[in-house]
Amino acid sequence: MNLFKAGTTLQLIYCFGCLVVVICMPLYSVFDTTTFGIICFGTGSILTFISTFNPMGLIGTILNFVACFSSNLKKSKKILIWTIISPILIVLFWVLAACFLVHYSGGV
């Protein structure tokens, strides 16, 4: 169970980082010429590049698969559903972060 919790925590941290990008990039567009807008753009850009090369979501997914199929966790339907849905969410959040960066910055 500890392995599953560690994997889920890594996945949630990765998704939170991508979600910050999704929030920062529209704020950059609204506050374009202000210092706050520049900070939002810098934060969003850096987090997008980090999420592109950061294996945290992938490692969390692998840990969840190992924990789910190597112990009695596969008896729980909630854990099995999360193990199936979480890789889809990781890819979805990564694509959202990349698309928001390209849309609001013009493809830096």
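Student: What area does the chain expose, and what share of it do carbon and sulfur atoms supply?
Tutor: This is a predicted model, where local features need pLDDT of at least 70, side-chain atom pairs count only at pLDDT 80 or more, and totals for chains, interfaces and linings use all residues. Residues are numbered from 1 along each chain as its sequence is written, and side-chain values use heavy atoms, with hydrogens and water left out. Accessible areas come from the Shrake-Rupley method with a 1.4 Å probe; for residues, only the protein chains shown count as cover. The chain exposes about 6500 Å², and the carbon and sulfur share is 78%.

Student: Which pattern does the chain follow along the sequence?
Tutor: Helices (H or I, at least four residues) and strands (E, at least two) are DSSP runs, numbered from the N terminus. The chain has 4 helices and 0 strands. Read in order, the pattern is α-α-α-α.

Student: What radius of gyration does the chain have, against that of a compact globule of 108 residues?
Tutor: The C-alpha atoms fill a box of roughly 55 × 20 × 20 Å along the principal axes. The radius is taken over C-alpha atoms, and the globule rule is 2.2 Å times the number of residues to the power 0.38. A compact globule of 108 residues would come near 13 Å; the chain has 16 Å.

Student: Which residues form the nonpolar patch on the surface?
Tutor: Patch residues have over 30% relative accessible area and no salt bridge; like charges are joined within 9 Å, nonpolar side chains (Val, Leu, Ile, Met, Phe, Trp, Tyr) within 5 Å. A salt bridge is a side-chain nitrogen of Lys or Arg within 4 Å of a carboxyl oxygen of Asp or Glu. Helix α3 (residues 56–70) gives the most, with 3 residues. The patch has about 340 Å² of accessible area together, from Leu3, Leu58, Ile62 and Val66.

Student: Is Leu58 buried or exposed?
Tutor: Leu58 lies in helix α3. Buried means under 20% relative accessible area, exposed over 50%, partly exposed in between (1.4 Å probe, protein chains only). Leu58 has 54% relative accessibility, so Leu58 is exposed.

Student: Why does Cys18 form no bond with Cys15?
Tutor: A disulfide is a pair of cysteine sulfur atoms within 2.5 Å. The structure holds 0 of them. Cys15 has the closest cysteine sulfur to that of Cys18, but it is too far for a bond, at 6.5 Å.

Student: How far from the sulfur of Cys99 is the nearest cysteine sulfur?
Tutor: Cys99 is in no disulfide. The nearest cysteine sulfur belongs to Cys18, at a distance of 11 Å.
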